[in-house]
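Let's walk through this model together, beginning with its open space and ending with how far each part can be trusted. Please keep the viewer open as you read.

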Amino acid sequence: MFFLVTIVKSLIIQPHLLGPKLEGHIREKLIESVEGSCSGEYGFIINVIKIMSWDEGYVKDMSGDVLFKVKYQAVVFRPFKGEVIDGIVSKIENNGIYLNIGPLDAYISKSHMPSDHEYNQQSNSYHTTDTPIKSDSQVRFRIIGVRTEQSKIIAIGTIKDDYLGVFAQSYKLIQIFEQVTFSA
């Protein structure tokens, strides 16, 4: 899910930024251009940890801009097949549910839900003998497929396995714990 990776990126620095504060300008430009972006190879780039090195730079003809190859470490978020992850339901349809997991979007089709999950059009939710799946519910699911695009990653999931599906909201858990008495 979260990884520390080393990445190399080309950055263009304008001539007026060259000088004693070059390292700060490179760091600022790097953070501005990569943090919050999605790379098909690495996933979502969450945070630049440190700049490891950069080359001497190449002065571009005509503009005077300098092209640097910067090597840096970053924390990335990349989902993988088989991973169990928690998401929040953002949209419900009769053929499945859509979830948000930070920058990641996921979809669970009706065919990847247990057979006792029935869509209720009036309440726009999936009902079971337990807790219903409705908008803003927290759902634990297993990723069965990942599609990577240039600027986006989409996961396909299932809740058919044990210990997957809707789980109690934190405030509900607090209420349950308040009712339980522990004896020593």
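The largest pocket is lined by P114, D116, H117, T128, T129, D130, T131, I159, L164, G165 and V166. The search runs on a 1 Å grid over the protein atoms alone, where a pocket is an open set of points with protein on both sides within 12 Å along at least five of seven lines, and lining residues have an atom within 4 Å of a point. The space in this pocket comes to about 180 Å³, a volume being the space filled by probe spheres set on the points, which are joined across faces, edges and corners. Sorted by class, its lining holds four nonpolar, five polar and two charged residues; here Ala, Val, Leu, Ile, Met, Phe, Trp, Tyr, Cys and Pro count as nonpolar, Asp, Glu, Lys and Arg as charged, and the others, Gly among them, as polar.

A word on the ground rules: this is a predicted model, in which local features need pLDDT of at least 70 and side-chain atom pairs count only at pLDDT 80 or more, while totals for chains, interfaces and linings use all residues. Residues are numbered from 1 along each chain as its sequence is written, and side-chain values use heavy atoms, with hydrogens and water left out.

I159, one of the pocket-lining residues, also appears among the residues with the most contacts inside the largest nonpolar core, together with I97, L99, I101, L104, I108 and F141. That core has 22 residues, where a nonpolar core is a set of buried Ala, Val, Leu, Ile, Met, Phe, Trp, Tyr and Cys residues joined through side-chain atoms within 4.5 Å. Two or more of its residues come from each of β6 (84-93), β7 (96-101), β8 (104-109), β11 (138-148) and β12; strands are DSSP runs (E, at least two residues) and helices likewise (H or I, at least four), numbered from the N terminus. Apart from this core lies another, of 17 residues, among them I7, I26, V34 and A74.

How buried or exposed is G157, in strand β12 (residues 153-158)? G157 counts as buried because its relative accessibility is 0%, the cut-offs being under 20% for buried, over 50% for exposed and partly exposed in between, with a 1.4 Å probe and protein chains only. Leaving aside neighbours within four places in sequence, G157 is in contact (heavy atoms within 4.5 Å) with Y107, I108, H112, F141, R142, I143 and I144. In strand β5 (residues 66-77) sits Q73, which is buried because its relative accessible area is 17%. Beyond four places in sequence, Q73 touches L4, V5, T6, N47, V48, I49, K50 and M52.

Two loop residues are worth a look for their backbone. N124, in the loop between β9 (118-120) and β10 (125-127), has a positive phi near 50 degrees without being a glycine. D136, in the loop between β10 and β11, is also not a glycine and has a positive phi of about 75 degrees. N124 is partly exposed at 32% relative accessibility, whereas D136 is exposed at 56%.

Finally, confidence: pLDDT is the predictor's confidence in each residue, from 0 to 100. The chain has a mean of 84, with 91% of its residues at 70 or more. Confidence is highest in β5, at 93, and lowest in helix α2 (residues 170-179), at a mean of 47. Over residues 180-184 pLDDT stays under 50, and the model has zero contacts there beyond four places in sequence. Where pLDDT is low, the predicted coordinates should not be read in detail.

Definitions and conventions
1 Å grid on protein atoms, 1.4 Å probe; cavity = no way out; pocket = protein on both sides within 12 Å on 5 of 7 lines; lining within 4 Å.
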